[in-house]
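Reader: I am new to this structure and would like to understand how its descriptions are justified. Could you take me through the reasoning one step at a time?

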Amino acid sequence: MEIKAIRGMNDILPGDIAKWHFVENTARRIFHLYGFSELRPPVLERTELFFRGIGDDTDVVEKQMYTFIDKSGTSVALRPEATASVLRSVIEHGLLGMDPIQKIYSIGPMFRYERPQKGRYRQFHQINVERLGEDSPSSDAETLSMAYDLASALGLGGLRMEVNSLGCDECRQEFKKTLMAFLQDKEKSLCSDCSRRMKTNPLRVLDCKVVSCRQAVEGAPAIENFLCEGCRVHYEKVQSALMAFDVPFEKNPRLVRGLDYYTRTTFELTAEGLGSQNAVAGGGRYDNLIQTLGGPDVSGIGFAFGLERIIMLLDQHAPEKNGCFVVLQEDEAVQKSSLELLSMLRSAQIPAEAAFDKSFKAQMRKAGKSGYPLCLILGQAELEQSIVTIKDLQASSQIQVPRAEVLQKIRSMLDK
Ligand code: AMP
(Lines give C-alpha, C1' and ligand atoms only; values in the text may rest on other atoms or scores of the structure.)
Protein backbone atom coordinates (compact mmCIF):
# COMPACT_ATOMS: atom_id res chain seq x y z
CA MET A 1 0.00 0.00 0.00
CA GLU A 2 1.11 3.52 -0.80
CA ILE A 3 2.42 5.46 2.18
CA LYS A 4 1.25 9.06 2.40
CA ALA A 5 2.65 12.08 4.24
CA ILE A 6 1.34 12.81 7.74
CA ARG A 7 -1.70 15.12 7.91
CA GLY A 8 -0.71 18.77 8.11
CA MET A 9 2.86 18.07 6.90
CA ASN A 10 3.52 19.15 3.34
CA ASP A 11 6.07 18.33 0.69
CA ILE A 12 7.55 21.34 -1.02
CA LEU A 13 7.75 20.24 -4.63
CA PRO A 14 10.21 21.33 -7.34
CA GLY A 15 7.47 23.33 -9.09
CA ASP A 16 7.14 25.56 -6.01
CA ILE A 17 10.73 25.75 -4.84
CA ALA A 18 11.58 28.90 -6.82
CA LYS A 19 9.07 30.79 -4.68
CA TRP A 20 10.68 29.47 -1.49
CA HIS A 21 14.12 30.47 -2.70
CA PHE A 22 12.84 33.90 -3.66
CA VAL A 23 11.37 34.47 -0.17
CA GLU A 24 14.42 33.13 1.67
CA ASN A 25 16.89 35.03 -0.50
CA THR A 26 14.89 38.26 -0.16
CA ALA A 27 14.89 37.83 3.62
CA ARG A 28 18.66 37.25 3.66
CA ARG A 29 19.20 40.35 1.49
CA ILE A 30 17.00 42.64 3.63
CA PHE A 31 18.42 41.35 6.94
CA HIS A 32 21.94 41.87 5.64
CA LEU A 33 21.05 45.53 5.00
CA TYR A 34 20.22 45.84 8.71
CA GLY A 35 23.31 43.97 9.93
CA PHE A 36 21.67 40.69 11.05
CA SER A 37 23.43 37.29 10.92
CA GLU A 38 22.01 33.78 10.71
CA LEU A 39 21.92 31.19 13.51
CA ARG A 40 20.64 27.63 12.90
CA PRO A 41 19.48 25.85 16.06
CA PRO A 42 18.35 22.18 15.96
CA VAL A 43 14.63 21.38 15.55
CA LEU A 44 14.57 19.12 18.62
CA GLU A 45 15.00 20.59 22.12
CA ARG A 46 14.29 19.60 25.70
CA THR A 47 10.53 20.02 26.31
CA GLU A 48 11.32 22.04 29.42
CA LEU A 49 12.80 24.85 27.27
CA PHE A 50 9.40 25.63 25.79
CA PHE A 51 7.56 25.29 29.11
CA ARG A 52 9.88 27.86 30.59
CA GLY A 53 10.27 30.00 27.49
CA ILE A 54 6.80 30.24 26.02
CA GLY A 55 4.73 29.68 29.16
CA ASP A 56 2.82 26.52 30.07
CA ASP A 57 -0.49 28.34 29.91
CA THR A 58 -0.34 29.06 26.18
CA ASP A 59 -2.15 27.01 23.51
CA VAL A 60 1.16 26.37 21.79
CA VAL A 61 2.65 24.60 24.80
CA GLU A 62 -0.52 23.29 26.39
CA LYS A 63 -2.11 21.65 23.36
CA GLN A 64 0.06 21.87 20.29
CA MET A 65 3.51 20.57 21.11
CA TYR A 66 4.93 17.45 19.55
CA THR A 67 6.55 15.93 22.64
CA PHE A 68 7.98 12.48 23.18
CA ILE A 69 10.38 10.61 25.42
CA ASP A 70 13.58 9.67 23.58
CA LYS A 71 15.55 6.44 24.09
CA SER A 72 17.47 7.91 27.03
CA GLY A 73 14.24 8.82 28.84
CA THR A 74 14.54 12.57 28.17
CA SER A 75 11.38 14.48 27.30
CA VAL A 76 12.07 16.24 24.00
CA ALA A 77 9.92 18.40 21.73
CA LEU A 78 9.92 19.45 18.11
CA ARG A 79 10.23 23.21 18.35
CA PRO A 80 6.89 25.02 18.03
CA GLU A 81 8.67 28.37 17.55
CA ALA A 82 12.24 29.56 17.23
CA THR A 83 12.75 32.25 19.86
CA ALA A 84 13.28 29.92 22.84
CA SER A 85 15.75 27.81 20.81
CA VAL A 86 17.71 30.80 19.54
CA LEU A 87 17.94 32.29 23.02
CA ARG A 88 19.00 28.92 24.47
CA SER A 89 21.76 28.84 21.88
CA VAL A 90 22.85 32.45 22.53
CA ILE A 91 23.03 31.75 26.28
CA GLU A 92 24.75 28.37 25.89
CA HIS A 93 27.48 29.78 23.66
CA GLY A 94 27.90 33.00 25.63
CA LEU A 95 27.32 35.14 22.55
CA LEU A 96 26.22 38.15 24.59
CA GLY A 97 29.58 38.03 26.39
CA MET A 98 31.34 38.40 23.03
CA ASP A 99 29.05 41.20 21.82
CA PRO A 100 26.32 42.59 24.10
CA ILE A 101 24.18 43.37 21.06
CA GLN A 102 23.10 40.34 19.06
CA LYS A 103 21.11 40.68 15.84
CA ILE A 104 20.12 37.23 14.66
CA TYR A 105 17.78 35.57 12.19
CA SER A 106 16.94 31.96 11.52
CA ILE A 107 14.85 30.18 8.88
CA GLY A 108 13.35 26.72 9.25
CA PRO A 109 10.46 24.40 10.07
CA MET A 110 8.27 24.66 13.19
CA PHE A 111 5.82 22.06 14.49
CA ARG A 112 2.43 22.59 16.10
CA TYR A 113 -0.29 20.00 16.48
CA GLU A 114 -3.11 22.23 15.27
CA ARG A 115 -6.20 21.40 13.21
CA PRO A 116 -4.88 21.69 9.65
CA GLN A 117 -6.67 24.10 7.34
CA LYS A 118 -5.69 26.49 4.55
CA GLY A 119 -2.77 28.54 5.89
CA ARG A 120 -2.47 26.42 9.06
CA TYR A 121 -0.30 23.32 9.08
CA ARG A 122 1.41 21.00 11.56
CA GLN A 123 4.82 21.51 10.02
CA PHE A 124 5.21 25.04 8.78
CA HIS A 125 8.16 27.34 8.21
CA GLN A 126 9.14 30.61 9.77
CA ILE A 127 11.65 33.32 9.18
CA ASN A 128 12.55 34.42 12.65
CA VAL A 129 14.37 37.50 13.92
CA GLU A 130 15.77 38.21 17.40
CA ARG A 131 17.46 41.41 18.44
CA LEU A 132 19.05 41.29 21.88
CA GLY A 133 20.69 43.81 24.16
CA GLU A 134 18.99 47.08 23.21
CA ASP A 135 16.25 48.87 25.16
CA SER A 136 15.80 51.91 22.97
CA PRO A 137 12.35 52.48 21.41
CA SER A 138 14.21 53.28 18.18
CA SER A 139 15.53 49.70 18.12
CA ASP A 140 11.90 48.48 18.34
CA ALA A 141 10.95 50.74 15.45
CA GLU A 142 13.97 49.67 13.40
CA THR A 143 13.03 46.01 13.92
CA LEU A 144 9.45 46.67 12.81
CA SER A 145 10.81 48.62 9.86
CA MET A 146 12.88 45.60 8.82
CA ALA A 147 9.74 43.40 8.94
CA TYR A 148 7.86 45.95 6.85
CA ASP A 149 10.73 46.25 4.35
CA LEU A 150 10.80 42.48 3.94
CA ALA A 151 7.04 42.29 3.32
CA SER A 152 7.33 45.14 0.78
CA ALA A 153 10.34 43.57 -0.96
CA LEU A 154 8.30 40.36 -1.28
CA GLY A 155 5.68 42.43 -3.10
CA LEU A 156 2.89 41.62 -0.61
CA GLY A 157 -0.15 43.82 -1.18
CA GLY A 158 -2.43 45.65 1.25
CA LEU A 159 0.08 45.58 4.08
CA ARG A 160 -1.13 46.67 7.50
CA MET A 161 1.18 47.07 10.45
CA GLU A 162 -0.75 47.06 13.73
CA VAL A 163 1.05 47.95 16.94
CA ASN A 164 0.24 47.89 20.62
CA SER A 165 2.06 48.06 23.93
CA LEU A 166 1.49 45.33 26.50
CA GLY A 167 3.27 47.30 29.20
CA CYS A 168 5.57 45.74 31.78
CA ASP A 169 4.85 43.39 34.69
CA GLU A 170 3.84 46.31 36.88
CA CYS A 171 1.35 48.11 34.65
CA ARG A 172 -0.05 44.83 33.37
CA GLN A 173 -1.04 43.76 36.92
CA GLU A 174 -3.36 46.74 37.22
CA PHE A 175 -4.76 46.16 33.74
CA LYS A 176 -5.32 42.45 34.37
CA LYS A 177 -7.37 43.22 37.49
CA THR A 178 -9.58 45.70 35.64
CA LEU A 179 -9.96 43.34 32.68
CA MET A 180 -10.92 40.44 34.95
CA ALA A 181 -13.60 42.59 36.57
CA PHE A 182 -14.88 43.57 33.11
CA LEU A 183 -14.99 39.93 31.96
CA GLN A 184 -16.73 38.72 35.13
CA ASP A 185 -20.28 39.20 33.89
CA LYS A 186 -19.39 38.19 30.30
CA GLU A 187 -18.31 34.70 31.28
CA LYS A 188 -21.42 33.07 29.80
CA SER A 189 -20.65 34.36 26.32
CA LEU A 190 -17.00 33.24 26.39
CA CYS A 191 -15.76 30.02 24.77
CA SER A 192 -14.59 27.27 27.15
CA ASP A 193 -10.91 28.17 26.60
CA CYS A 194 -11.58 31.80 27.42
CA SER A 195 -13.62 31.15 30.55
CA ARG A 196 -10.58 29.26 31.82
CA ARG A 197 -8.10 31.86 30.55
CA MET A 198 -10.15 34.59 32.17
CA LYS A 199 -8.73 33.51 35.50
CA THR A 200 -5.24 32.52 34.46
CA ASN A 201 -4.35 34.84 31.59
CA PRO A 202 -7.19 37.28 30.86
CA LEU A 203 -5.19 39.16 28.19
CA ARG A 204 -5.53 36.17 25.91
CA VAL A 205 -9.31 36.60 25.89
CA LEU A 206 -8.76 39.83 23.93
CA ASP A 207 -6.97 37.80 21.25
CA CYS A 208 -9.58 35.03 20.85
CA LYS A 209 -10.93 34.62 17.33
CA VAL A 210 -14.29 33.06 18.42
CA VAL A 211 -17.09 35.44 17.39
CA SER A 212 -18.93 35.40 20.74
CA CYS A 213 -15.64 36.21 22.53
CA ARG A 214 -14.93 39.02 20.09
CA GLN A 215 -18.36 40.50 20.83
CA ALA A 216 -17.90 40.02 24.56
CA VAL A 217 -14.67 42.05 24.62
CA GLU A 218 -16.12 44.98 22.73
CA GLY A 219 -15.84 47.93 25.09
CA ALA A 220 -13.16 46.19 27.19
CA PRO A 221 -10.64 48.53 28.82
CA ALA A 222 -7.62 49.39 26.65
CA ILE A 223 -4.18 48.62 28.01
CA GLU A 224 -2.84 51.92 26.70
CA ASN A 225 -4.70 53.72 29.49
CA PHE A 226 -2.93 51.60 32.12
CA LEU A 227 0.67 52.01 30.97
CA CYS A 228 3.10 53.27 33.59
CA GLU A 229 5.13 56.39 32.78
CA GLY A 230 8.11 54.41 31.46
CA CYS A 231 5.98 52.22 29.20
CA ARG A 232 3.88 55.14 27.97
CA VAL A 233 6.95 57.17 26.96
CA HIS A 234 8.49 54.08 25.34
CA TYR A 235 5.35 53.47 23.28
CA GLU A 236 5.20 57.12 22.15
CA LYS A 237 8.83 57.06 21.10
CA VAL A 238 8.34 53.83 19.17
CA GLN A 239 5.56 55.53 17.23
CA SER A 240 7.59 58.62 16.38
CA ALA A 241 10.58 56.48 15.34
CA LEU A 242 8.26 54.42 13.11
CA MET A 243 7.28 57.68 11.42
CA ALA A 244 10.96 58.58 10.97
CA PHE A 245 11.54 55.18 9.34
CA ASP A 246 8.50 55.92 7.15
CA VAL A 247 6.64 52.80 8.27
CA PRO A 248 2.83 53.24 8.09
CA PHE A 249 1.14 51.73 11.16
CA GLU A 250 -2.11 51.67 13.09
CA LYS A 251 -2.56 51.34 16.83
CA ASN A 252 -4.64 48.32 17.87
CA PRO A 253 -5.34 48.27 21.62
CA ARG A 254 -6.75 44.70 21.29
CA LEU A 255 -3.56 43.23 19.87
CA VAL A 256 -2.28 40.58 22.27
CA ARG A 257 0.03 37.95 20.90
CA GLY A 258 -0.47 34.24 21.57
CA LEU A 259 2.78 33.72 23.48
CA ASP A 260 3.17 34.80 27.09
CA TYR A 261 6.58 36.36 27.04
CA TYR A 262 5.86 39.68 25.35
CA THR A 263 6.33 43.01 27.12
CA ARG A 264 5.81 46.56 25.81
CA THR A 265 5.85 46.74 21.99
CA THR A 266 3.91 44.06 20.10
CA PHE A 267 2.92 44.07 16.46
CA GLU A 268 1.27 42.12 13.70
CA LEU A 269 1.63 42.52 9.96
CA THR A 270 -1.29 41.48 7.78
CA ALA A 271 -1.55 41.26 4.01
CA GLU A 272 -4.38 41.17 1.51
CA GLY A 273 -5.61 37.94 -0.02
CA LEU A 274 -5.29 35.51 2.90
CA GLY A 275 -8.84 35.47 4.28
CA SER A 276 -9.14 34.78 7.99
CA GLN A 277 -5.52 33.62 8.46
CA ASN A 278 -4.23 36.98 7.26
CA ALA A 279 -1.30 37.53 9.63
CA VAL A 280 1.98 37.05 7.79
CA ALA A 281 4.18 38.17 10.63
CA GLY A 282 4.00 39.04 14.27
CA GLY A 283 6.25 39.69 17.19
CA GLY A 284 7.25 42.00 19.96
CA ARG A 285 9.53 42.87 22.81
CA TYR A 286 10.40 40.35 25.51
CA ASP A 287 12.34 42.01 28.28
CA ASN A 288 12.36 39.13 30.79
CA LEU A 289 12.69 36.08 28.59
CA ILE A 290 16.47 35.77 28.42
CA GLN A 291 16.71 35.85 32.19
CA THR A 292 13.82 33.37 32.51
CA LEU A 293 15.85 31.00 30.36
CA GLY A 294 18.87 31.29 32.63
CA GLY A 295 20.71 34.05 30.74
CA PRO A 296 21.75 37.58 31.75
CA ASP A 297 19.22 40.35 32.42
CA VAL A 298 19.14 41.54 28.83
CA SER A 299 16.10 42.63 26.87
CA GLY A 300 15.11 41.60 23.38
CA ILE A 301 12.65 42.03 20.57
CA GLY A 302 11.79 39.73 17.70
CA PHE A 303 9.32 38.64 15.08
CA ALA A 304 8.38 35.68 12.92
CA PHE A 305 7.09 35.52 9.35
CA GLY A 306 5.05 32.48 8.32
CA LEU A 307 6.46 31.28 5.00
CA GLU A 308 3.52 29.17 3.78
CA ARG A 309 1.20 32.17 3.92
CA ILE A 310 3.65 34.29 1.93
CA ILE A 311 4.11 31.51 -0.64
CA MET A 312 0.33 31.35 -1.08
CA LEU A 313 0.37 35.01 -2.01
CA LEU A 314 3.17 34.54 -4.51
CA ASP A 315 1.28 32.22 -6.83
CA GLN A 316 2.05 34.40 -9.81
CA HIS A 317 5.78 34.38 -9.20
CA ALA A 318 7.16 32.44 -12.18
CA PRO A 319 10.52 30.80 -11.62
CA GLU A 320 13.31 32.52 -13.46
CA LYS A 321 15.28 30.11 -15.66
CA ASN A 322 17.95 32.18 -17.27
CA GLY A 323 19.84 29.57 -19.26
CA CYS A 324 19.90 27.26 -22.27
CA PHE A 325 18.37 24.00 -23.40
CA VAL A 326 20.85 22.01 -25.47
CA VAL A 327 19.45 19.67 -28.12
CA LEU A 328 21.40 16.44 -28.56
CA GLN A 329 22.01 14.42 -31.74
CA GLU A 330 21.80 10.67 -31.91
CA ASP A 331 25.20 10.31 -33.56
CA GLU A 332 27.71 9.69 -30.80
CA ALA A 333 30.52 11.87 -32.16
CA VAL A 334 28.15 14.81 -32.73
CA GLN A 335 26.50 14.29 -29.35
CA LYS A 336 29.93 14.39 -27.69
CA SER A 337 30.49 17.97 -28.82
CA SER A 338 27.08 18.93 -27.35
CA LEU A 339 28.14 17.39 -24.04
CA GLU A 340 31.27 19.54 -24.19
CA LEU A 341 29.05 22.55 -24.85
CA LEU A 342 26.91 21.71 -21.77
CA SER A 343 30.04 21.51 -19.65
CA MET A 344 31.41 24.79 -21.05
CA LEU A 345 28.14 26.62 -20.30
CA ARG A 346 28.05 25.42 -16.69
CA SER A 347 31.71 26.35 -16.19
CA ALA A 348 30.70 29.83 -17.33
CA GLN A 349 27.89 29.80 -14.67
CA ILE A 350 25.16 29.58 -17.32
CA PRO A 351 22.42 27.06 -16.39
CA ALA A 352 22.17 24.38 -19.09
CA GLU A 353 20.04 21.26 -19.50
CA ALA A 354 19.57 18.50 -22.03
CA ALA A 355 17.12 15.61 -22.35
CA PHE A 356 18.68 12.21 -22.97
CA ASP A 357 16.83 9.28 -24.59
CA LYS A 358 14.49 11.49 -26.60
CA SER A 359 13.96 11.98 -30.32
CA PHE A 360 14.98 15.29 -31.90
CA LYS A 361 11.31 16.31 -32.18
CA ALA A 362 10.58 15.42 -28.55
CA GLN A 363 13.65 17.38 -27.45
CA MET A 364 12.47 20.46 -29.36
CA ARG A 365 9.05 20.15 -27.68
CA LYS A 366 10.75 19.86 -24.28
CA ALA A 367 12.92 22.90 -25.06
CA GLY A 368 9.76 24.90 -25.77
CA LYS A 369 8.27 23.96 -22.40
CA SER A 370 11.53 24.18 -20.46
CA GLY A 371 11.19 27.82 -19.42
CA TYR A 372 14.69 28.58 -20.72
CA PRO A 373 14.87 31.53 -23.11
CA LEU A 374 17.45 29.88 -25.42
CA CYS A 375 17.91 26.56 -27.16
CA LEU A 376 21.24 25.46 -28.67
CA ILE A 377 21.55 23.06 -31.60
CA LEU A 378 24.83 21.47 -32.60
CA GLY A 379 24.25 19.01 -35.44
CA GLN A 380 26.44 17.42 -38.11
CA ALA A 381 26.34 20.55 -40.29
CA GLU A 382 27.19 22.85 -37.38
CA LEU A 383 30.02 20.57 -36.31
CA GLU A 384 31.58 20.65 -39.77
CA GLN A 385 31.41 24.44 -39.97
CA SER A 386 32.40 24.91 -36.31
CA ILE A 387 29.28 26.90 -35.53
CA VAL A 388 26.33 26.63 -33.12
CA THR A 389 22.68 27.44 -33.83
CA ILE A 390 21.10 29.57 -31.09
CA LYS A 391 17.33 29.61 -31.09
CA ASP A 392 15.50 32.35 -29.18
CA LEU A 393 12.53 30.36 -27.87
CA GLN A 394 10.41 33.40 -27.09
CA ALA A 395 10.95 35.20 -30.40
CA SER A 396 11.09 31.91 -32.40
CA SER A 397 14.06 33.26 -34.34
CA GLN A 398 17.48 31.70 -34.74
CA ILE A 399 21.05 32.70 -35.52
CA GLN A 400 24.28 30.85 -36.18
CA VAL A 401 27.47 31.92 -34.43
CA PRO A 402 31.06 30.66 -34.62
CA ARG A 403 31.74 28.23 -31.80
CA ALA A 404 34.49 30.47 -30.40
CA GLU A 405 32.00 33.30 -29.90
CA VAL A 406 29.11 31.28 -28.57
CA LEU A 407 29.60 32.06 -24.87
CA GLN A 408 29.89 35.77 -25.43
CA LYS A 409 26.76 35.79 -27.62
CA ILE A 410 24.72 33.74 -25.14
CA ARG A 411 25.77 36.03 -22.30
CA SER A 412 24.60 39.09 -24.17
CA MET A 413 21.32 37.40 -25.13
CA LEU A 414 20.69 36.32 -21.51
CA ASP A 415 21.90 39.70 -20.28
CA LYS A 416 24.24 38.07 -17.79
P1 AMP B 1 3.38 32.96 15.97
O2 AMP B 1 4.67 32.21 16.17
O3 AMP B 1 2.18 32.19 16.46
O4 AMP B 1 3.44 34.36 16.44
O5 AMP B 1 3.16 33.05 14.38
C6 AMP B 1 3.95 33.82 13.52
C7 AMP B 1 3.53 33.57 12.11
O8 AMP B 1 3.76 32.19 11.77
C9 AMP B 1 2.05 33.76 11.84
O10 AMP B 1 1.76 35.08 11.51
C11 AMP B 1 1.78 32.84 10.68
O12 AMP B 1 2.10 33.47 9.46
C13 AMP B 1 2.74 31.71 10.92
N14 AMP B 1 2.08 30.53 11.53
C15 AMP B 1 1.81 30.30 12.84
N16 AMP B 1 1.24 29.10 13.02
C17 AMP B 1 1.13 28.54 11.79
C18 AMP B 1 0.63 27.29 11.30
N19 AMP B 1 0.14 26.36 12.11
N20 AMP B 1 0.69 27.05 9.95
C21 AMP B 1 1.21 27.97 9.11
N22 AMP B 1 1.71 29.16 9.52
C23 AMP B 1 1.66 29.45 10.83
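Reader: Which element supplies the largest share of the shell around the ligand?

Author: This is a predicted model, and in it the largest share of that shell comes from β10, with three residues. Strands β6 (123-132), β10 (279-285) and β11 (300-306) each supply at least two residues of the shell.

Reader: What makes a residue one of those that surround the ligand?

Author: A residue is counted if one of its heavy atoms lies within 4 Å of the ligand, and 14 residues surround the ligand in this way, the closest being R112, E114, Y121, Q126 and R257. Sorted by class, the shell has six nonpolar, three polar and five charged residues.

Reader: How do you know that Q126 makes a polar contact with the ligand?

Author: The cut-off for a pair of N or O atoms is 3.5 Å, and a polar side-chain atom of Q126 lies 3.0 Å from an oxygen atom of the ligand, so the pair counts as a polar contact. A polar backbone atom of A279 is 3.1 Å from an oxygen atom of the ligand, and for G306 a backbone N or O atom lies 3.5 Å from a ligand oxygen atom. Of the 490 Å² of accessible area that the ligand has on its own, the protein covers 91%.

Reader: Why is E187 called partly exposed?

Author: Partly exposed is the class between under 20% and over 50% relative accessible area; E187 has a relative accessibility of 29%, and therefore counts as partly exposed. E187 is found in the loop between α7 (169-184) and α8 (192-200), and, leaving aside neighbours within four places in sequence, E187 is in contact with S195, M198 and K199.

Reader: Why is Q349 called exposed?

Author: Exposed requires over 50%, and Q349 has a relative accessible area of 62%, so the term applies. Q349 sits in the loop between α14 (332-347) and β13 (352-353), and the phi of Q349 is near 65 degrees, a positive value in a residue other than glycine.

Reader: What makes D357 count as exposed?

Author: The relative accessibility of D357 is 83%, which is set against the cut-off of over 50%, and D357 therefore counts as exposed. The place of D357 is in the loop between β13 and α15 (360-369), and its phi, near 60 degrees, is a positive value in a residue other than glycine.

Reader: Is G97 buried or exposed, and how do you know?

Author: G97 has a relative accessible area of 72%, and because exposed means over 50%, G97 is exposed. G97 is found in helix α5 (residues 95-98), and its C-alpha atom is 19 Å from that of R40, with the two positions 57 residues apart in sequence.

Reader: What makes a group of residues a nonpolar core, and how many residues has the largest one?

Author: The members must be buried nonpolar residues of the listed kinds, joined through side-chain atoms within 4.5 Å; the largest such core has 90 residues, and those with the most contacts inside it are F31, L269 and F305. The largest share of this core, seven residues, comes from helix α6 (residues 137-153). Not counting residues up to four places away in sequence, L269 touches residues including A147, Y148, A151, A279 and F305. Another core, of 19 residues, lies apart from the largest one, and among its members are L328, V388, V406 and I410. In soluble globular proteins, nonpolar side chains tend to be buried together.

Terms used: Residues numbered from 1 in each chain as written. Predicted model: local features only at pLDDT ≥ 70, side-chain atom pairs only at ≥ 80, totals over all residues. Heavy atoms only, no water. Polar contact = N/O pair within 3.5 Å; in protein donor to acceptor, adjacent residues only side chain to side chain. Areas by Shrake-Rupley, 256 points an atom, 1.4 Å probe, with all protein chains shown as cover. Helix = DSSP H or I, 4+ residues; strand = E, 2+ residues; numbered from the N terminus. Nonpolar A, V, L, I, M, F, W, Y, C, P; charged D, E, K, R; others polar. Buried < 20%, exposed > 50% of the residue type's maximum accessible area, 1.4 Å probe, protein only. Contact = heavy atoms within 4.5 Å.
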